[in-house]
Amino acid sequence: MDLPTLWFALVVTCWVLFFVLEGFDFGVGMLGPVLGRGDREQRDHERGAAVSTVGPVWDGNEVWLVAAIGVTFAAFPDWYAALLSGLYLPMVLVLLALAARGVALEFRGKGGTERWRRVCDAALAASSLAVAALWGATLGILTVGLALGSGGEVAGSGPARTLAPLGSGPALVGAALGVLAALVQGAAFLGLRTTGPLRARARVAALAVLPVAGVVVLVARLPVPVLGGLLVLAVLVAARREVLAFVVASGLVGAGVVAVFTAHLPVVLRSTLDATASLTVAGAAASPDALRVITVAGVVVLPGVVAYQAFSYWVFRRRVASERVTA
Amino acid sequence: MLAAVVGVWVLWRTRRGRDLDAAHRVDRLLLRGLWTVPLLPAAGATFGWLFTETARQPWLVFGLFRTADGVSPGLTPSELAASLAGFALVYGALALVWVRLVLRIGRADLAPAPAADPVDDADDRTPVPSY
């Protein structure tokens, strides 16, 4: 395997890890405020329990987004420039929503009142929804490409230049699937990581979202095996096989991301205007010297990142109780 | 650095239950100015970034790559204005929230030391986060 191919595989790996890992914490962010019920105190407690399941891991999950974009920048500067510049305003929206989301998560427990926590939960749900939809839309856009000119830039004027792709059919399907996948994963994760009423309601939520995902898959005419995957997932959730359900949900998301990134190989970003302006793995790669340097750095750093992240999941492996303890 | 010096000084002066002494010259200065200490790291971090970025101009990579050459060619003025407004708005709102929370925490009384947990078997010591 030559170095550009190796680094392309690494970029896709980072994106898979981002969508799989952060997908479930987007889902938990959207579901927590909905699934926490009961009287005021109980609801407050259950929402806190839901947020606690992702509390220690969400920012670690988000590191894979930084890694994916950082690795693309280092190994494929032309791809990085064309994609992020061509989707300038959608990416700004992603950053703003991520900023609000991180603050909502971290400041939630620092206001001291139930009202403040409700405000943070609403901000968390809204920003999780926005980011899941925007990244789903970006994957949808990747399946068709951008209007790249010969210089690797999207031409045009005004905000429509970079916002218009968000309104295309594939982007809308991608946004819907991004949100639905996060909801399913989030419900599966809550089922895996909580006890009591929250755990039971998470199962119901997963079973409610899966048919909607099935309809979107049918309408968008995605490959039939995807439907089979959703069916298997529904059976696993109904049979209370929580570990397996989460693994299958994550597997489906990962497979989808790989499919999008490898669909047009060796092209990594298609130009909808001019086939010769499309970016390929070899064409977008950095110089061989640069790739050799980052290969050494990657070999040193990546195993450490994976190891400490695995460790943090191991430390916080116990379930979070959604019942209140009355001492 | 300054905060560390102040910290060591206060620790020394309050050793064995002593209190800062308003008659002592350094202590009096500290009692009046101590509230600025939490602001110093925030100011340090902010000015550190400002000085790093502005001192490097007009270069993006010193001596190699000019900032003017690093601008995305496709970017339009309206996009820049929109993103700048967005960042100013969201970060401005977040800054207000931050100031309010810092003031709230600053005004709150110190929490009493937690009582020792009577049950201390290994199973109970798995950390559980609270949010």
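User: Where in this predicted model is Trp98(B) found?

Analyst: Start with the element that holds the residue. Trp98(B) sits in helix α4 of chain B, which spans residues 77-107.

User: Is Trp98(B) buried, partly exposed or exposed?

Analyst: Read the relative accessible area against the cut-offs. Buried means under 20% and exposed means over 50%, with partly exposed in between. Trp98(B) has a relative accessible area of 42%, so Trp98(B) is partly exposed.

User: How far apart are Trp98(B) and Arg15(B), in sequence and in space?

Analyst: Give both separations together. Along the sequence, Trp98(B) and Arg15(B) are 83 residues apart. In space, the C-alpha to C-alpha distance between Trp98(B) and Arg15(B) is 33 Å.

User: Ser83(B) lies in helix α4 of chain B too. Is Ser83(B) buried or exposed?

Analyst: Apply the cut-off again. The relative accessibility of Ser83(B) is 5%, so Ser83(B) counts as buried. Now look at the contacts. Leaving out residues up to four places away in sequence, Ser83(B) touches Tyr88(A) and Val92(A).

User: Those contacts lead to the interface. How much area do chain A and chain B bury between them?

Analyst: The general idea comes before the case. Interface size is often given as the accessible area lost when the parts come together. Here, chain A and chain B bury about 2,400 Å² between them. Carbon and sulfur atoms account for 69% of that area. On the chain A side, Tyr88(A), Leu96(A) and Arg318(A) supply 22% of the area buried against chain B, more than any other three residues.

User: How many residues of each chain are in contact?

Analyst: Count each side separately. Chain A has 34 residues in contact with 25 residues of chain B.

User: What elements does chain B have, and in what order do they run?

Analyst: Take the count, then the order. Chain B has 4 helices and 2 strands. From the N terminus, the order is α-α-α-β-β-α.

User: What share of chain B is buried, and how much area does chain B expose?

Analyst: Buried residues make up 12% of the 131 residues in chain B. The exposed area of chain B is about 10,700 Å², and carbon and sulfur atoms supply 69% of it. Contact range adds another view. Among contacts in chain B with a separation of 6 or more, 16% join residues 24 or more positions apart.

User: Next, helix packing. At what angle do α3 and α4 of chain A pack?

Analyst: Take the angle and the axis distance together. Helix α3 (residues 58-75) and helix α4 (residues 77-86) of chain A pack at about 125°, with axes 5 Å apart. That angle makes α3(A) oblique to α4(A).

User: Which residues meet there?

Analyst: List them by helix. From α3(A) come Ile69(A), Thr72(A), Phe73(A), Ala74(A) and Ala75(A). From α4(A) come Pro77(A), Trp79(A), Tyr80(A) and Leu84(A). By class, this contact has 8 nonpolar residues, 1 polar and no charged.

User: Where does Leu265(A) lie, and what is Leu265(A) in contact with?

Analyst: This one is in a loop. Leu265(A) lies between α11 (242-262) and β2 (267-269) of chain A. Its relative accessible area is 41%, so Leu265(A) is partly exposed. Setting aside neighbours within four places in sequence, Leu265(A) is in contact with Phe8(A) and Val281(A).

User: What does Arg203(A) touch?

Analyst: Place the residue before its contacts. Arg203(A) is in helix α9 (residues 197-219) of chain A. At 21% relative accessible area, Arg203(A) is partly exposed. Beyond residues up to four places away in sequence, Arg203(A) touches Val237(A) and Arg240(A).

How values were computed: Residues are numbered from 1 along each chain as its sequence is written. Chains are lettered from A and ligands numbered from 1 in the order in which they are written. This is a predicted model: local features need pLDDT of at least 70, side-chain atom pairs count only at pLDDT 80 or more; totals for chains, interfaces and linings use all residues. Side-chain values use heavy atoms; hydrogens and water are left out. Axes are lines fitted to C-alpha atoms, for helices over the stretch in contact, and angles run from 0 to 180 degrees between N-to-C directions. Angles under 35 degrees count as roughly parallel, over 145 as roughly antiparallel, 65 to 115 as roughly perpendicular and the rest as oblique. Contact means heavy atoms within 4.5 Å. Ala, Val, Leu, Ile, Met, Phe, Trp, Tyr, Cys and Pro count as nonpolar, Asp, Glu, Lys and Arg as charged, and the others, Gly among them, as polar. Buried means under 20% relative accessible area, exposed over 50%, partly exposed in between (1.4 Å probe, protein chains only). Accessible areas come from the Shrake-Rupley method with a 1.4 Å probe; for residues, only the protein chains shown count as cover. Buried area is the accessible area (1.4 Å probe) that two parts lose on being put together, summed over both.
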